Amino acid sequence: MALEPEVLVVGGGATGVGVVRDLALRGVDVTLVDRDGLCAGTTGRSHGLLHSGARYADSDPEGATECLAESRTLRRIAGVCVRETGGLFLELADDDPAYFDAKRAACESVGIPVDVVDPTIVRDRVPDLSADAERAMRVPDAVVSPSRLVAATALDADRHGATIHTHAPLESLTVRDGAVTEARVGGRVDDVIRPDYVVNAAGAWAGSVAELAGVTVAMQPTRGVMVSVAYDGLGPVLNRCRTPADGDIVVPHREEVVLGTTSVPVRDPDDYETPQREVETTIAECAAMLPAVAERPIVRRWWGVRPLYAPDEVDRGGRGISRGFVRIDHAADGVANLATIVGGKLTTHRLMAESTADLVCDRLGVDAPCRTAERELPATDDPDRLDRAVAVFDGAGPADADVIDTP
C-alpha cells in the first residue's frame, strides 16, 4: 500500500533531519528518506567545527550573526554532542596585520566575543604553537559530533511521530497539474509515497532531486579534504588569520587533530578525484600553525563535498567566504508543493530547518510555532545511548569516527 504522509523530506543530513524534527514537533505527519544511512553525505564528512561566526564576520556579517546565535542554541540543546574548546585566530609572520585588525573589528561589530592575547600566553595552552605566531585572538569556537547530533535530532523526530527510512533511495517523482503527486522510493521502502508536500534537502545532490520534478537547482559542489593525524592534547581550534585558503584550520579531537581543508569544484558529488597532493598541501599549511603535525602519523583521511548553490558561488570561486543558505519555493517554477533548501553550514542547520518548516506549514495551513530552539535534544546527557542511536540510523561518519563507540 502506498504511503501518504503530509510531507516527504528527501535527504538525511543535518538539515533534512532538522526539517523532520521541526515539522514533527509542529504536529505534521512527516516522512524522511535517504539513499544511505543518516549523516552519510556532507554532514558526516565535515571537520566537526561549531563556528562562532568569526570566520565569516568580515565577509558575511549576517551569516556570522546566524552562526553566533545558532552555536549558542546548540550548546544549550545538544549536550555532549558539543565540546567546548574555544578557538584561536593566529597571525603568523607572513600574514597581513591589517587582516587581523579587520577580523577583530568585524567580530566586535556583530557581537562575537574576542580577546587578543599574546602568543607567549597562548603557548601555555598550546606548547607546540609555531614560533612564527605573532598575534592571537580568542573566539568562542567549539567542536561538534555530527553523528551524535543527527542521531539525537532523529530520536526527537521519531518520538514525535516522524518516520525515517534509511537505505531508501528516491527513484522518481511524478508531477501532474503543477504538483508532485507520487514519489517512487526503492531500497528498504520499495513503494510509492504520495505526499502533500516535498522538501528537497539532498545537499550536494539537490540538483539531481530537483531534476526528477522537472525543475532546476544549480549546484556547484566543491570537494575538500580532511586529514586526521595523531596528536593528543590540543585545546582550542586553530584558525589561520588570513583570507580563507587551503589548510587554514586545525580541529582538536580526542587523541587526534583534524587538518583542513581544500576547495576544488567537482561536477559529480559521487565521482571526483582525491589527489594525494591535497593531503600534502593541507598538512604543510596547517603545520605552519602547529609544526608538530607534519611529523605525526596520518590516522585517516576523507573528502567531503560542500552543497554550494551555484549563483552564490560565481563571485567567490567556491572558496566559501560566505556560507548563507538558500530556500527555494518551486511554486515559481510551476511545482506548487516542492521546496529546496541548500547551502549553509552544519552550525546553522537548525535555522535552515526552521525556515523550511515555516514555508511548508504556511503552504499546508498549519498554524504552529517552531519549538526546536528551546527543546533540549534527547539522550544528549548519555553518550552510550546516543551511539546506539547512531548505529540504529546507520549514521556514523568519518568526521567523528574517533568519538563514536557504536555497538
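Q: Taking helices as DSSP runs of H or I with at least four residues, and strands as E runs of at least two, both numbered from the N terminus, which residue takes a positive phi just after α1?

A: That residue is G27, whose phi is about 85°. Before going further, note that this is a predicted model, in which local features need pLDDT of at least 70 and side-chain atom pairs count only at pLDDT 80 or more, while totals for chains, interfaces and linings use all residues. Residues are numbered from 1 along each chain as its sequence is written, and side-chain values use heavy atoms, with hydrogens and water left out.

Q: Fine. How many of the residues of α1 are buried?

A: Twelve of the twelve are buried, so α1 is largely enclosed by the rest of the structure; buried means under 20% relative accessible area, exposed means over 50%, and partly exposed lies in between, with a 1.4 Å probe and protein chains only. Among these buried residues are R21 and D22, along with G16, G18 and L23.

Q: And what span should α1 (residues 14-25) have?

A: The expected span is 1.5 Å times one less than the number of residues, which gives 16 Å for the twelve residues of α1, and the end C-alpha atoms are 16 Å apart, in agreement.

Q: What about α7, how far does that helix reach?

A: Helix α7 (residues 276-287) also reaches a length close to expectation, 17 Å from its first C-alpha to its last against an expected 16 Å for twelve residues. The buried residues of α7 are E278, V279, T282, I283, C286 and A287. They cover an arc of only 165° around the axis, which puts them on the same side of α7, the arc being that of the directions from the helix axis to the C-beta atoms.

Q: Why would spaced-out positions point the same way?

A: An α-helix has 3.6 residues a turn, so residues three or four places apart point the same way.

Q: What covers the buried residues of α7?

A: Strands are part of the cover, including β14 (222-230), β16 (249-252), β17 (256-260), β18 (264-265) and β19 (298-306). Contact here means heavy atoms within 4.5 Å.

Q: Switching to charges: how many salt bridges are there?

A: The count comes to 27, where a salt bridge is a side-chain nitrogen of Lys or Arg within 4 Å of a carboxyl oxygen of Asp or Glu. One of them joins E84 to R75, with the closest N and O atoms 2.6 Å apart; E84 is exposed at 53% relative accessibility, whereas R75 is partly exposed at 23%.

Q: Which residue does E91 bridge to?

A: E91 pairs with R135, with 2.8 Å between the closest N and O atoms. Because E91 lies in strand β5 (residues 87-92) and R135 in strand β7 (residues 133-139), the pair ties together parts that are 44 residues apart in sequence. E91 is buried at 2% relative accessibility, while R135 is partly exposed at 23%.

Q: And E171, where is that one's partner?

A: E171 forms a salt bridge with R184, the closest N and O atoms being 4.0 Å apart. E171 lies in strand β10 (residues 170-176) and R184 in strand β11 (residues 179-185), so this pair ties together parts that are 13 residues apart in sequence. E171 is partly exposed at 46% relative accessibility, and R184 is partly exposed at 28%.

Q: Which residues do shared partners join into one network?

A: Salt bridges that share partners join E91, D101, R104 and R135.

Q: How many disulfides does a search of the whole structure find?

A: Zero, a disulfide being a pair of cysteine sulfur atoms within 2.5 Å. For C39, the nearest cysteine sulfur is that of C81, 11 Å away, and C39 is buried at 1% relative accessible area. For C107, the nearest cysteine sulfur belongs to C241 and is 8.3 Å away; C107 is buried at 0%.

Q: C81 also made me think of R148, is that residue buried or exposed?

A: R148, in helix α5 (residues 146-159), is buried at 6% relative accessibility. Not counting residues up to four places away in sequence, R148 touches residues including V80, C81, R254, D387 and D400.

Q: Last one: what order do the strands take in the open sheet with β8?

A: The order is β3-β8-β4, with antiparallel pairing, and the edge strands are β3 (49-50) and β4 (82-84), each pairing on one side only. Two strands pair if DSSP finds at least two bridges between them; three bridges join β4 to β8 (residues 142-144), and R83 stands opposite V143 in β8.
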